[in-house]
Structure formats: structure tokens, C-alpha cells
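Visitor: I have a structure open at the bench and would like to talk it through. Could you guide me?

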Amino acid sequence: MRNKALLVTVVASLWGSYAMASEPGSYPEDVAGEPEVSDAELPTFEFKLQYRPRYEQSFENDLRFRPPLGSNQATHRAIFGADVWYQNLRGHFSVLNFRTCVDTAASDAVANLFEGFIEARGRDWGLRVGKQMIVFSTGRLLTAPVWLQRSRSLDAARFVYDNGELAADLFVARHNERFNRDMLGAELKLRFGQFTAALPVLVETNNLINDDKRIGLTGEMSRVSAGFTGNFKHKRLSANVETILQVGDYEGDGSRLRASTDGGDIMSYLIHADVG
């Protein structure tokens, strides 16, 4: 006879890898199909711990990013996370501490909340609310850069639907890394046999703050990005095409961005194709 005490399980895992504790992109791609529903009478828990050291050497490659040219930097980070499942509900939180061996002022004094959300799953839908990593569409418009030691998480609400032939992704989010950035994203995806077509749209409004800790910008910037992605797969052959058009305007002092001090219009585009 099964012991009811075993209905509560605790799993602890420790690893040092170059992958995130919860890989971005696993949501919403894993929504389609049967949801993970537990019939346990009590919640199930899982704890995770990750430690990742890194050494970087810059060989005078001017990418307009710190650290300065010809410098080196040693950093490490630790992430502790916990998940709890109950039927079709999931709660998750994780804290992150970043340390640098060169500039101690840039290190985190304490562990900061990295992710904290509640998620509900149905047969072909998912809803996640809270601080979370987001990879939108192909990741060109918005992604969670796992190579960054601090990575990136957003305060967001995200709803996804996928019945195998039709998929939809809708989210609203705010990002406060360097400036207040409000985002609304939506994508419709259709599958026709071996061919998949998607129409992503991302609307962004940025309130730039005059603060030395936030790169000293003032003004407002708004952008709208829309595109088309197509993918065809046949046996070992895969073909991809992607187009994006971005329009918007910037009002304020753009001298720190090497732009006009009076702002201006924003217009850019991307065309990409590959076969392999």
C-alpha cells in the first residue's frame, strides 16, 4: 500500500553548467498536447541550485560594450530556485547573486529575485503571471540572453494557445534594466503540414530616465515591429525565411546614443533566409 507520506516529494539537484536553471524557450513551445496534471493529494516540490563561474578576455574588439578594450573580467553567479506543482498549477521562484572579482561595486550585495511566477495549464493553453524570462517568436525581437551572467527577466503576464495547427502567443511586460520599457507582444502561428508561418508584432514604449545609473538619457521612444517568419521541413532539409520592419520615433536628448539631440524617426528592417 502506498504510503501517503510519499505523496510529497522533494528533489534537490546541483549542477554547474552553462545552461539556465530553466531554459528559456521551453514555454510556450511545450504547451501543445496533454498538460502535466498531478493526481497527488499534496503538492510536489523541486529545488534547484546552479553555480556558474566565467572568465572573459577582451582582445580590443570594439562592440561598444563594457568591459573596456583589452581588458579581462572574472565573474560568477549563483541561482537558487524552487518549484511547486499541484494538479495543473505551478509556482516558481528563483533568486540570483552576481559577483565580479574586478569591480566589487558592480556585484550584488545580496541575492535578488530573478523569477517568481504562477502558471496554469490546460489541454492546449497556458497562462503565466509574474517575473519571468521571455523568448518571443524567433528571439530577434525579444529574448532572454542566457550568456549574460545576470540574464534578463520581465514583469509580465503571458497567455499561449497551441492546438497543433493553430498557435497564439500574447503578453504584456515591463522591463526596468536601463530604462522603463513597456511591451505588448502578439504572434499568430499557422501550420500546414511541413510548413509553418508566423506573424509576430511587438509594440514598445520607453520612458528614458535622466539618471547616471541608467545611462543618462532623457526623453521618450516608441517602436512598433512587425514581421513574417516561415519554416519548411522535409526529412533532413530545413528552410527558413524571416522579415521584420520596425518603425517609431524618439524625442529627447539622443547624444548619448550618438544620435541627434533632437530625436528623430526610427525605421529599420531585416531580411533573413537560410537552408540547411
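Guide: Happy to! A salt bridge here is a side-chain nitrogen of Lys or Arg within 4 Å of a carboxyl oxygen of Asp or Glu. Please keep in mind that this is a predicted model.

Visitor: What is the N to O distance in the salt bridge of Asp169 and Arg158?
Guide: Asp169 sits in strand β8 (residues 166-175) and Arg158 in strand β7 (residues 154-162), 11 residues apart. Asp169 is buried, and Arg158 is buried too. Their side chains meet in a salt bridge, and the N to O distance is 2.6 Å.

Visitor: How many salt bridges does a search of the whole structure find?
Guide: Side chains of opposite charge can pair when their charged atoms come close. One of the pairs is Asp169 with Arg158. Searching the whole structure gives a count of 12.

Visitor: Is Glu119, the partner of Arg90 in a salt bridge, buried or exposed?
Guide: The side chains of Arg90 and Glu119 meet at 3.5 Å, N to O. This pair links distant parts of the chain, with Arg90 in strand β4 (residues 89-100) and Glu119 in strand β5 (residues 112-121), 29 residues apart. Arg90 has 17% relative accessibility, so Arg90 counts as buried. Glu119 has 4% relative accessibility, and the cut-off is under 20%, so Glu119 counts as buried.

Visitor: Which strand holds Glu204, the salt-bridge partner of Arg223?
Guide: The side chains of Arg223 and Glu204 form a salt bridge at 3.2 Å, N to O. Arg223 belongs to strand β11 (residues 218-234), and 19 residues separate the two partners along the chain; Glu204 lies in strand β10 (residues 195-208).

Visitor: Which residues do salt bridges with shared partners join into one network?
Guide: We have already met two members, Arg90 and Glu119, as a pair. Shared partners extend the network, whose members are Asp83, Arg90, Glu119, Arg121 and Arg128.

Visitor: Let's turn to the nonpolar side chains. Which strands each supply at least two residues of the largest nonpolar core?
Guide: In soluble globular proteins, nonpolar side chains tend to be buried together. The largest nonpolar core here has 11 residues, including Leu154, Ala156, Phe171 and Ala173. The strands that each supply at least two of its residues are β7 and β8.

Visitor: How many residues does the second, separate core have?
Guide: Leu202 is one of the residues of the largest core. Among the residues that Leu202 touches are Phe136, Leu141, Phe171 and Met183. The second core is separate and includes Phe98, Phe114, Val135 and Ala144; its residue count is seven.

Visitor: What is the relative accessible area of Lys131?
Guide: Lys131 has its place in strand β6 (residues 125-132). Leaving aside neighbours within four places in sequence, Lys131 is in contact with residues including Leu113, Phe114, Ser153 and Leu154. The range between 20% and 50% counts as partly exposed, and Lys131 is partly exposed because its relative accessible area is 21%.

Visitor: How far apart are the C-alpha atoms of Lys131 and Ser94?
Guide: Along the chain, Lys131 and Ser94 are 37 residues apart. In space, their C-alpha atoms are separated by 9.9 Å.

Visitor: Now the strand pairing. How many bridges join β5 to β6?
Guide: A hairpin joins β5 to β6 through three residues. Ala120 has Leu127 in β6 as its bridge partner. The two strands run antiparallel, and the number of bridges joining them is six.

Visitor: Which residue in β5 is the bridge partner of His92?
Guide: Strands β4 and β5 run antiparallel, joined by eight bridges. In β5, the partner of His92 is Phe117.

Visitor: Which residue takes a positive phi in the hairpin of β3 and β4?
Guide: Strand β3 (residues 72-86) pairs with β4 in the antiparallel sense over 12 bridges. Phe80 has Val95 in β4 as its bridge partner. The hairpin has two residues between the strands, and the residue with a positive phi, near 55°, is Gln87.

Visitor: And the whole chain: what percentage of its residues count as buried?
Guide: The secondary structure comes to one helix and 13 strands. Among contacts between residues at least 6 apart in sequence, 53% join residues at least 24 apart. Of the 276 residues of the chain, the share that count as buried is 34%.

Notes:
Residues numbered from 1 in each chain as written. Predicted model: local features only at pLDDT ≥ 70, side-chain atom pairs only at ≥ 80, totals over all residues. Heavy atoms only, no water. Helix = DSSP H or I, 4+ residues; strand = E, 2+ residues; numbered from the N terminus. Buried < 20%, exposed > 50% of the residue type's maximum accessible area, 1.4 Å probe, protein only. Core = buried A, V, L, I, M, F, W, Y, C linked by side-chain atoms within 4.5 Å. Contact = heavy atoms within 4.5 Å. Pairing = 2+ DSSP bridges.
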